[in-house]
Amino acid sequence: MRDLVRGLRWYLREVDGRSRWERYLAECAAHGHPPLTRREFERRRADARAGAVSSRCC
């Protein structure tokens, strides 16, 4: 049961982007520069995905 809860927690953190956000904060702290707000961070990620070249047509 414990493994199931741990796996579900991991999955939810990956889906909602919390793990990416925490990695970003750790990277900012390691480099000593102020992080973006969560909203700015997500907006830049969305913009980067929208501008990325893909093999799909739409």
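# A guided tour of a three-helix chain

Begin by selecting leucine 25, which is partly exposed at a relative accessible area of 31%; buried means under 20%, exposed over 50% and partly exposed in between, with a 1.4 Å probe and protein chains only. The model is predicted, so that local features need pLDDT of at least 70 and side-chain atom pairs count only at pLDDT 80 or more, whereas totals for chains, interfaces and linings use all residues. Residues are numbered from 1 along each chain as its sequence is written, and side-chain values use heavy atoms, with hydrogens and water left out.

Leucine 25 belongs to helix H2. Add arginine 38 to the selection: its C-alpha atom is separated by 9.7 Å from that of leucine 25, and the two residues stand 13 apart along the chain.

**The whole chain**

Now display the full chain, which has 3 helices and 0 strands, in the order α-α-α from the N terminus. Helices (H or I, at least four residues) and strands (E, at least two) are DSSP runs, numbered from the N terminus. Of the 58 residues, 12% are buried. The accessible surface is about 5300 Å², and carbon and sulfur atoms account for 57% of that area; the areas come from the Shrake-Rupley method with a 1.4 Å probe, and for residues only the protein chains shown count as cover.

**Helices H1 and H2**

Select arginine 13 in helix H1 (residues 2-16). Is arginine 13 buried or exposed? Arginine 13 is buried, with a relative accessible area of 17%. Leaving aside residues up to four places away in sequence, arginine 13 touches Arg18, Ser19 and Glu22, where contact means heavy atoms within 4.5 Å.

Next, show H1 and H2 together. Their axes come within 5 Å and cross at roughly 75°; axes are lines fitted to C-alpha atoms, for helices over the stretch in contact, and angles run from 0 to 180 degrees between N-to-C directions. H1 and H2 are therefore roughly perpendicular to each other, as angles of 65 to 115 degrees count as roughly perpendicular, under 35 as roughly parallel, over 145 as roughly antiparallel and the rest as oblique. Arg13, Glu14 and Asp16 of H1 make the contact with Arg18, Ser19, Arg20, Glu22 and Arg23 of H2. By class, this contact of H1 with H2 holds no nonpolar, 1 polar and 7 charged residues. Ala, Val, Leu, Ile, Met, Phe, Trp, Tyr, Cys and Pro count as nonpolar, Asp, Glu, Lys and Arg as charged, and the others, Gly among them, as polar.

**Helices H2 and H3**

Move to H2 and helix H3 (residues 38-51), whose axes come within 11 Å and cross at roughly 110°. H2 is thus roughly perpendicular to H3. Arg18, Arg20, Trp21 and Tyr24 in H2 meet Arg38, Phe41 and Arg45 in H3. The residues of this contact of H2 with H3 divide into 3 nonpolar, no polar and 4 charged.

**The aromatic residues**

Finally, select Trp21, Tyr24 and Phe41, which form one aromatic cluster. How many aromatic pairs does the structure hold? The structure holds 3 aromatic pairs. One of them, tryptophan 21 with tyrosine 24, is tilted, at 5.7 Å centre to centre and 35° between the planes. Rings of Phe, Tyr and Trp (its six-membered ring) pair if their centres lie within 6.5 Å; planes under 30 degrees apart count as stacked, over 60 as edge-to-face and the rest as tilted. Tryptophan 21 and tyrosine 24 are both buried. Both lie in H2 (residues 18-31), 3 residues apart, about one turn of the helix.
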